[in-house]
Amino acid sequence: MVREVFEQSPTSGQPSVLLQHPNGASCEIQLHGATVTSYKTAQGREVLFLSQTAVFNGCQAIRGGIPVVFPQFLRPDPTLPSHGFARTSAWELSDEEKESGASPGAVTAVLTLSDSAATRALWPFAFHLRYVVELEETQLTTTLHITNTSDAAFRCQVDTVLWNPWEAKGAGMKDLERDGYQRFVCVEPGLVSAPRSVAPSERLTLAQTLASPH
Ligand SMILES: O=P(O)(O)OC[C@H]1O[C@@H](O)[C@H](O)[C@@H](O)[C@@H]1O
């Protein structure tokens with residue numbers, strides 16, 4: 001089991017953590033947005049789409065991989081960025097390599113994000129996000145725990161979407177290569193149809209597993 005932490009990842013030039021399973025499977029998570037930018041099976045097959053022209057500048061959302069969408073989906077509140085601020089925030093890598101409940105044999109990374117002056121300027125609530133990424137022999141599980149640490153309830157969206165920009169919209173996206181729309185579908189499990197209210201101290205957990213036998 002190997003967990004390697006980079007100040008400057010060889011793939012993105014940005015801080016990241018690389019998980020390597022003894023069977024050869026691997027997974028890379030950027031601290032920017034806690035975006036999972038690569039998941040390779042034991043046979044070395046890349047499972048995730050990442051735009052060839054994705055921008056890694058520590059500001060912009062990364063085009064591709066698995067982003068974390070919080071506290072809103074798209075832009076119902078125009079005072080907040082589209083898809084919220086979690087995907088463009090600098091997350092912290094927690095020291096805990098394993099959490100209770102993690103499968104034995106999993107290589108795990110735990111990333112966290114809490115409210116800060118910057119998030120409170122956009123959204124006036126205290127919160128704690130804990131994102132657990134577990135790499136196993138033939139699957140990758142990502143689990144997001146959202147805790148309301150405010151005195152008041154907040155409403156949020158986290159998201160399920162099957163999406164592709166298709167030709168015309170894709171052509172207008174600077175961070176998507178030409179005809180890149182033909183190489184992916186975007187699948188985002190979550191809560192989007194109606195914002196979910198989270199009471200003070202309540203913890204909401206969402207998880208997804210990508211099973212890739214080969
Ligand atoms: O360009 P963005 O902000 O990363 O959003 C990309 C897409 O994200 C998807 O989740 C939405 O369903 C699309 O409507 C949206 O266009």
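**Figure 1. The loop that carries P71, and the cis peptide bond just before it.** In this predicted model, P71 sits in the loop that runs between β4 (35–40) and β5 (92–93). The bond to look for here is the one joining F70 to P71: this peptide is cis, with omega at about 0 degrees. F70 turns up again in the next view, as a member of an aromatic cluster.

**Figure 2. A cluster of aromatic rings.** Which residues make up the aromatic cluster? F70, F85, W123, F125, F127 and F154 come together as one group. Zoom out to the rest of the structure and you can count 14 aromatic pairs.

**Figure 3. The ligand and the residues around it.** A shell of 10 residues surrounds the ligand, and R63, H83, R87, K169 and E188 are the ones that come nearest. Sorted by character, the shell has four nonpolar residues, two polar ones and four charged ones. Three side chains are worth a closer look for their contacts with ligand oxygen atoms. For R87, an N or O atom of the side chain lies 2.8 Å from an oxygen of the ligand. For H83, the corresponding distance between a side-chain N or O atom and a ligand oxygen is 2.9 Å. For R63, a side-chain N or O atom is 3.1 Å from an oxygen of the ligand. How much of the ligand does the protein cover? On its own the ligand has 390 Å² of accessible area, and the protein covers 78% of that.

**Figure 4. I146, tucked away in strand β8.** Strand β8 spans residues 139–148, and I146 is part of it. Is I146 buried or exposed? Its relative accessible area is 0%, and the cut-off for buried is under 20%, so I146 counts as buried. Include L129 in the frame as well: its C-alpha is 4.8 Å from that of I146, although 17 residues separate the two in sequence.

**Figure 5. W166, a tryptophan with a positive phi.** W166 belongs to helix α2, which covers residues 166–171. Its phi is about 65 degrees, a positive value even though the residue is not a glycine. W166 has a relative accessibility of 56%, and exposed means over 50%, so this tryptophan counts as exposed.

**Figure 6. S201, a serine in a loop.** Where is S201? Look in the loop between β11 (186–198) and β12 (203–211). Here too the backbone deserves a glance, with S201 showing a positive phi near 75 degrees without being a glycine. As for its surface, S201 has a relative accessible area of 63% and is exposed.

**Figure 7. Stepping back to the whole chain.** This last panel puts the close-ups in context. The protein chain has two helices and 12 strands. Following the sequence, they come in the order β-β-β-β-β-β-α-β-β-β-β-α-β-β. The radius of gyration is 17 Å, close to the 17 Å that the globule rule gives for 214 residues, so the chain is as compact as a globular protein of that length. Measured out along its principal axes, the C-alpha trace spans about 50 × 45 × 30 Å. Of the 214 residues in the chain, 48% are buried. The chain exposes about 10500 Å², with 52% of that area supplied by carbon and sulfur atoms.

Definitions and conventions
Residues are numbered from 1 along each chain as its sequence is written. This is a predicted model: local features need pLDDT of at least 70, side-chain atom pairs count only at pLDDT 80 or more; totals for chains, interfaces and linings use all residues. Side-chain values use heavy atoms; hydrogens and water are left out. A residue is near a molecule or strand if one of its heavy atoms lies within 4 Å of it. A polar contact is a pair of N or O atoms within 3.5 Å; within protein, one must be able to donate a hydrogen and the other to accept it, and residues adjacent in sequence count only if both atoms are side-chain atoms. Accessible areas come from the Shrake-Rupley method with a 1.4 Å probe; for residues, only the protein chains shown count as cover. Ala, Val, Leu, Ile, Met, Phe, Trp, Tyr, Cys and Pro count as nonpolar, Asp, Glu, Lys and Arg as charged, and the others, Gly among them, as polar. Helices (H or I, at least four residues) and strands (E, at least two) are DSSP runs, numbered from the N terminus. The radius of gyration is taken over C-alpha atoms; the globule rule is 2.2 Å times the number of residues to the power 0.38. Buried means under 20% relative accessible area, exposed over 50%, partly exposed in between (1.4 Å probe, protein chains only). Rings of Phe, Tyr and Trp (its six-membered ring) pair if their centres lie within 6.5 Å; planes under 30 degrees apart count as stacked, over 60 as edge-to-face and the rest as tilted.
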